[in-house]
Amino acid sequence: PGIAPVLATRGLRCGYGAADVLREVDLEVRRGELVAVLGPNGAGKTTLMRALAGLHRPVEGGILLNGADVSGHGANRLARQGLALVPEGRQVFGDLSVIQNIRLGAYGRPPEDLDAAVEEMLDRYPRLRERAEQRAGLLSGGEQQMLAIARGLISRPDVLLLDEPSLGLAPAIIRELYDGLSDLRDAGATILLVDQMADMALSIADHAYVLADGRIVSAGTAAAIRSDRTLDEAYLGAA
Ligand code: ATP
């Protein structure tokens, strides 16, 4: 309260052709917070992330980054301005090495010392260091997700956007991944996460939004959302 959000949407509406996929979406992310957007398959989570990253142009509404209106800015420009998207399905380049993949993330906003920044990522993710010279395609799903996150972090974004990081991973791996995200937030990162794994996301989030059929049907602290029946309704499609 009182602190301006680092990222916010105001009345965001997105769609494909005539069909609205997001309507009147207002959300806010404050510096140092981990915010989760939850919702079932098809709720519009990926569309929201793509809109925030400049990959999908909203029909209406605004996006504010560090208080400035960045609506309509393209993906490259937004990357330079401080947004890094870790896309659904990770999208690592399987034929490139782990290090080459990490360095690609600096395309948007190269840190002053790229080599030191790569080292920092390898310190954070020792498993990536062990496999630094290996082809990314040989990594496990959990390791590829780690790699995708390291690629996003290397540009030292103001907000890391994470689309469905748990997709296709075993529960124990998701737990480990989420603990890593929690540590990352504790180290000062600002994270906006969308995921279908509501319990897991709420266990680490500060605030959460529930998206159902393109609308935010509930918002609050993670603790409040956890005890809110709207969440069940959203997942049952009865919201
Ligand atoms: P998922 O968990 O499956 O990724 P989601 O919550 O991320 O779901 P979106 O992928 O944003 O949801 O999709 C929201 C709605 O928009 C769905 O009904 C989907 O069919 C529709 N949609 C998504 N992409 C397109 C597209 N390129 N053209 C038309 N409709 C689309």
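Strands, helices and a ligand in a predicted model

Q: In which sense do strand 9 and strand 10 pair, and over how many bridges?
A: The model is predicted. Strand 9 covers residues 207-212, and its pairing with strand 10 is antiparallel. The number of bridges between strand 9 and strand 10 is six.

Q: Which residue stands opposite Ala-212 in strand 10?
A: Strand 9 takes in residues 207-212 and pairs with strand 10. Across from Ala-212, in strand 10, stands Arg-215.

Q: Which residue takes a positive phi in the hairpin of strand 9 and strand 10?
A: Two residues lie between the strands of this hairpin. A positive phi near 50° is found there at Asp-213.

Q: Why is one side of strand 6 and of strand 10 left without a neighbour in the sheet?
A: The open sheet has six strands and mixed pairing, in the order 6-7-8-3-9-10. Strand 6 (83-86) and strand 10 (215-221) are at its edges, so one side of each has no neighbour, and each is left with a single partner strand.

Q: What is the average twist from one strand to the next in the sheet of order 6-7-8-3-9-10?
A: This open sheet is built from six strands. From one strand to the next, the twist averages 15°.

Q: Which residue of strand 7 is the bridge partner of Leu-85?
A: Strand 6 and strand 7 (residues 159-163) run parallel and are joined by four bridges. The partner of Leu-85 in strand 7 is Leu-161.

Q: At about what angle does helix 7 run to strand 8?
A: Helix 7 is made of residues 171-186 and lies across strand 3 (34-38), strand 7 and strand 8 (191-195). Its angle to strand 8 is about 160°.

Q: Which strands are the edge strands of the sheet of order 2-1-4-5?
A: This open sheet has four strands with antiparallel pairing. An edge strand here pairs on one side only, and that holds for strand 2 (19-29) and strand 5 (68-69).

Q: Which residue of strand 5 does Leu-65 stand opposite?
A: Strand 4 (residues 60-65) and strand 5 run antiparallel, with two bridges joining them. Opposite Leu-65, in strand 5, is Ala-68.

Q: Which strands does helix 1 touch where it packs on the sheet?
A: The direction of helix 1 makes about 115° with that of strand 1 (7-16). The strands touched by helix 1 are strand 1, strand 2 and strand 4.

Q: Which helix gives the most to the shell around the ligand?
A: The shell residues divide into four nonpolar, six polar and three charged. Of the 13 residues around the ligand, those that come nearest are Asn-41, Gly-42, Lys-45, Thr-46 and Thr-47. With three residues, the helix that gives the most is helix 1 (residues 45-52).

Q: How much of the ligand's accessible area does the protein cover?
A: Backbone polar atoms of Gly-42 and of Gly-44 each lie 2.8 Å from an oxygen atom of the ligand. A side-chain N or O atom of Tyr-16 is 3.4 Å from a ligand nitrogen atom. On its own the ligand has 630 Å² of accessible area, and the part covered by the protein is 57%.

Technical notes
Residues numbered from 1 in each chain as written. Predicted model: local features only at pLDDT ≥ 70, side-chain atom pairs only at ≥ 80, totals over all residues. Heavy atoms only, no water. Near = heavy atom within 4 Å. Polar contact = N/O pair within 3.5 Å; in protein donor to acceptor, adjacent residues only side chain to side chain. Areas by Shrake-Rupley, 256 points an atom, 1.4 Å probe, with all protein chains shown as cover. Nonpolar A, V, L, I, M, F, W, Y, C, P; charged D, E, K, R; others polar. Pairing = 2+ DSSP bridges. Axes fitted to C-alpha atoms, helices over the stretch in contact; angles between N-to-C directions. Contact = heavy atoms within 4.5 Å.
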